[in-house]
Amino acid sequence: AEGDIVVERALRAGYQMRSVLVDASRTQPLPELLPDVPVYAAGPDLVLKITGMGVHRGCIASFDRRPVPTPAEVLLGAIRVVVLENLTNPTNLGVIARSAVALGADALILDPSCCDPLYRRASRVAMGEVFGLPYAYTGRFPEGLDVVTDAGFALLALTPDPAAESI
């Protein structure tokens, strides 16, 4: 998780932090919810060597992953679900996840070709919202959509095809 807001949202969502790396020149306090974990400080050159990024956002934290739930578990009790196919760009996934939360979505269902919602860039662009938004992977479409329709959801899709039926 990269940046204070993203780190705080991961902690609020119950992810277990392993350690945090901060900019050695940091003067602001660390996120309030920070557990008792190792805190490492480094200058810009070392941060670049460690992370491969020239931009650090003040802190980067390492968290344990949780097991990914099944689609049935994610859909149970959900009302609005965003279903994604072949979304391989982490920036796009982050924007969609952040927008989905803002619009009241309860979960994400991803086909196997979608990128990881917890990837560093996806979680940063989503401002950490991916940590609190349940997600699951399903099979390839169209068969992978059966679990969604079997759970009682109607499917509405977006496409640039001008011949598509309007929703």
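Biologist: How much space lies in the second largest pocket?

Modeller: This is a predicted model, and in it the second largest pocket holds about 280 Å³ of space. Its lining is made up of 17 residues, and those nearest its centre are A1, A61, S62, F63 and L118.

Biologist: Which elements each supply at least two residues of that lining, and how does the lining divide by class?

Modeller: At least two lining residues come from each of β1 (17–23), β3 (59–63) and α5 (120–125). By class, the lining of this second largest pocket has 10 nonpolar, 3 polar and 4 charged residues.

Biologist: What is the volume of the largest pocket, and which residues are closest to its centre?

Modeller: The largest pocket has a volume of about 630 Å³, and of the 17 residues that line it, V82, V83, L156, A157 and L158 are the closest to its centre. Strand β4 (residues 81–84) gives the largest share of this lining, namely 4 residues. Sorted by class, the lining of the largest pocket has 16 nonpolar residues, no polar ones and 1 charged residue.

Biologist: Let us turn to the interior. Which residues touch the most other members of the largest nonpolar core?

Modeller: The general idea is that in soluble globular proteins nonpolar side chains tend to be buried together. Here the largest nonpolar core has 29 residues, of which V7, M17, F63 and F131 touch the most other members. At least two residues of this core come from each of α1 (4–12), β1, β3, α4 (90–102) and β5 (107–110), and the largest share, 4 residues, is from α1.

Biologist: Which residues does V7 touch, leaving aside those up to four places away in sequence?

Modeller: With those neighbours not counted, V7 touches A1, M17, P31, C59, A61 and F63. Apart from the largest core lies another core, of 9 residues, including V74, A78, A107 and V148.

Biologist: C59 appears among those contacts of V7; why does C59 count as buried?

Modeller: A residue is called buried when its relative accessible area is under 20%, and C59 counts as buried because its relative accessibility is 0%. C115 is buried as well, with a relative accessible area of 13%.

Biologist: How many disulfides does a search of the whole structure find, and why does C115 not bond to C114?

Modeller: The search finds 0 disulfides. A disulfide requires two cysteine sulfur atoms within 2.5 Å, whereas the sulfur of C115 lies 6.7 Å from the closest cysteine sulfur, that of C114, and is therefore too far away for a bond.

Key. Residues numbered from 1 in each chain as written. Predicted model: local features only at pLDDT ≥ 70, side-chain atom pairs only at ≥ 80, totals over all residues. Heavy atoms only, no water. 1 Å grid on protein atoms, 1.4 Å probe; cavity = no way out; pocket = protein on both sides within 12 Å on 5 of 7 lines; lining within 4 Å. Points joined across faces, edges and corners; volume = space filled by probe spheres on them. Nonpolar A, V, L, I, M, F, W, Y, C, P; charged D, E, K, R; others polar. Buried < 20%, exposed > 50% of the residue type's maximum accessible area, 1.4 Å probe, protein only. Core = buried A, V, L, I, M, F, W, Y, C linked by side-chain atoms within 4.5 Å. Contact = heavy atoms within 4.5 Å.
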